[in-house]
Structures are given as structure tokens and as C-alpha cells.
Amino acid sequence: MKASLLCKRTDLRAAVEHLMPAISTRAPMIVLLHIAVEIDPKQNMMRLSSTDLEVRISTSIPAQITLETEMPESFLIPAQIFTDLLAIMEGEQVRLVVDGHSLLVQTGATKTKISLFEDEFPPEFEMEIGESSFTLSSSAFKTALKRVAIAASSDDSRLSLNSIQIRLSTEGTLRLTAADGFRLATDLIQSQSSPEEASEFLLPLNVAMKLLRVLPDDDCKLILEADSQRALFSWGNLRYWGLLMQAQFPDWE
């Protein structure tokens, strides 16, 4: 594959920073230490993804793409090296030149070559048919999540308490609850939409804390979808997947 991509440095840096919570230094596979980049020359977009198998984050940014091969391809960039490089680079635009197994990163007079990794990146999570869906304020959800997360247990031996209980009602409300056996915190949010059926799921504490790192500070429309296995939080061009905990939360009421 040989291609050239031109994008704004601020867009690329922000996108990569959003992906880092799903990059773990204790990853069981080397491929999980990388960012997957997919090229869409027809839409002039590049899509970036990261995962630790429990959380998956993906986002897209506009880019001027020139392909010298007929078929759009994807490639894997070492996440930490790329993040450190973007942090010290200056200039308004970044040019990425992919040539076989290497990536040339250029901004202004600065040029750096990075070796690309070859492996099969884990496929994107999929949602089951019949999932629950909610639309709500991102700032309201972030505030509520912060409030209740401090009461969640960090003891891995009590799995059901090592989570945030989220209840979606047909009346258009979303309740978040956490407890550790000594404390209990709960908060109620009014949503902008109502599902046809009420539902409930447990968001693991570490998934919730990573979500707090990427949720925007400014208010925007947040779409929450959940099935029996995972939850999907979407806003703007960003999609945050998290596996759910399969346990029974105490009947605190």
C-alpha cells in the first residue's frame, strides 16, 4: 500500500488522545498496543480505532487522501510512539505517507519515520437486535457518573459492587447507582427520548472511569445504546464501546 494523507495536526492529536484510554501497557497481545487507521478516499476521511478488548473507541477526522493503490487499505500505528510524536510536533497540518511497512510523519520541516505493525486488528463490536436506546445530555450524564462512581467498590472480589448500575425507564429517566457495602450513591437524569421497554445493565467501574476520560466537557447530544453484552456511547464522530458486567446488583431499594 502506498498513500498520502493530509490533515490538521490539532484534529489528529485530539483524535489520538481520545483513543489512548483503550490502550493498555498490560495488553495480552501486541496488536492491542496499536491504533488502527482505515482510509476512506471517497469521503476523504480517516477512521482511527483502539481497543483493549473490554473497551473499544473509534473516531474519524477529515483528511485529504491520495492513493497510489486501487483498493483502500488499513494500517496499524504504535500508539504511544505516535502520541509522543504528535505532542512535540508543530505546524498546522500533518502529512502521513504510508509506503509498505513504514509511515513517514511530516509537519513543517520535521520528518519522522515509524515502522508499521502487521497483524489482524480485532473487529468492531456489534450490537444485538432489540437493544435499548436513549438520547441525553452528555454534560448531565458525565456529572451524574462522576457523582456516583466515587461510591463504587474497587474490591475485585465483590464484582457486582465493582460497577455502576444503569436503569433506563420508559418514562424517560436514567438512574445511575453505585455502592461498596458502606456507601451508596444514586442520581437521576432526564433524557431526551424514551425507549419502548425498560432495561438495566451494569457498567464495570474501570469501563466507566475510561469513559469519563473521553466524555466532552462541553454539552452535546449523547446517544446510549445497550444490549445484554455491551453498551455503546456515541457523540459527534466518537463511538465508545464497553463490555457489560454479567452479575446481579444488590436490591438496594
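1. A word before we start: contact here means heavy atoms within 4.5 Å. Keep that in mind for helix 2, which lies across strand 7, strand 8 (102–107) and strand 9. Helix 2 runs at about 175 degrees to strand 9.

2. Please remember as you look around that this is a predicted model. The protein chain has a mean pLDDT of 91, and 98% of its residues reach 70 or more. Among the elements, the lowest mean pLDDT, 85, belongs to strand 10 (residues 132–137). At the other end is strand 4 (residues 55–62), with the highest mean, 97.

3. Now to the sheet beneath that helix. In what order do the five strands of this open sheet come? The order is 5-1-7-8-9, and the pairing is antiparallel. Its edges are strand 5 (64–67) and strand 9 (110–115), each of which pairs on one side only. On average, and ignoring direction, neighbouring strands of this sheet are turned by 15 degrees against each other.

4. Within the sheet, have a look at strand 1 (residues 2–8) and strand 7 (residues 93–99). These two pair in the antiparallel sense over seven bridges. To find your place in the ladder, start from L6, which stands opposite R95 in strand 7.

5. Helix 1 also belongs in this picture. Helix 1 lies across strand 1 and strand 7, and its direction is about 95 degrees to strand 1. Strand 7 is thus a good place to look for both helices: helix 1 lies across it, and helix 2 does too.

6. How do the two helices meet? The axes of helix 1 (residues 9–19) and helix 2 (residues 79–88) come within 10 Å and cross at roughly 145 degrees. The crossing of helix 1 and helix 2 is left-handed. On the helix 1 side, the contact is made by R9, L12, R13 and V16, and on the helix 2 side by F82, T83, L86 and A87. Sorted by class, the contact has five nonpolar, one polar and two charged residues.

7. Finally, a stop at the aromatic rings. The structure holds three aromatic pairs, and one of them is formed by F125 and W241. Why is this pair called edge-to-face? The ring centres of F125 and W241 are 5.9 Å apart and the planes stand at 90 degrees, so the pair is edge-to-face. F125 sits in the loop between strand 9 and strand 10, while W241 is in strand 17 (residues 238–243), so the pair ties together parts that are 116 residues apart in sequence.

Definitions and conventions
Residues are numbered from 1 along each chain as its sequence is written. This is a predicted model: local features need pLDDT of at least 70, side-chain atom pairs count only at pLDDT 80 or more; totals for chains, interfaces and linings use all residues. Side-chain values use heavy atoms; hydrogens and water are left out. pLDDT is the predictor's confidence in each residue, from 0 to 100. Helices (H or I, at least four residues) and strands (E, at least two) are DSSP runs, numbered from the N terminus. Axes are lines fitted to C-alpha atoms, for helices over the stretch in contact, and angles run from 0 to 180 degrees between N-to-C directions. A crossing is left-handed if the near helix is turned anticlockwise from the far one by less than a right angle, and right-handed if clockwise. Ala, Val, Leu, Ile, Met, Phe, Trp, Tyr, Cys and Pro count as nonpolar, Asp, Glu, Lys and Arg as charged, and the others, Gly among them, as polar. Two strands pair if DSSP finds at least two bridges between them. Rings of Phe, Tyr and Trp (its six-membered ring) pair if their centres lie within 6.5 Å; planes under 30 degrees apart count as stacked, over 60 as edge-to-face and the rest as tilted.
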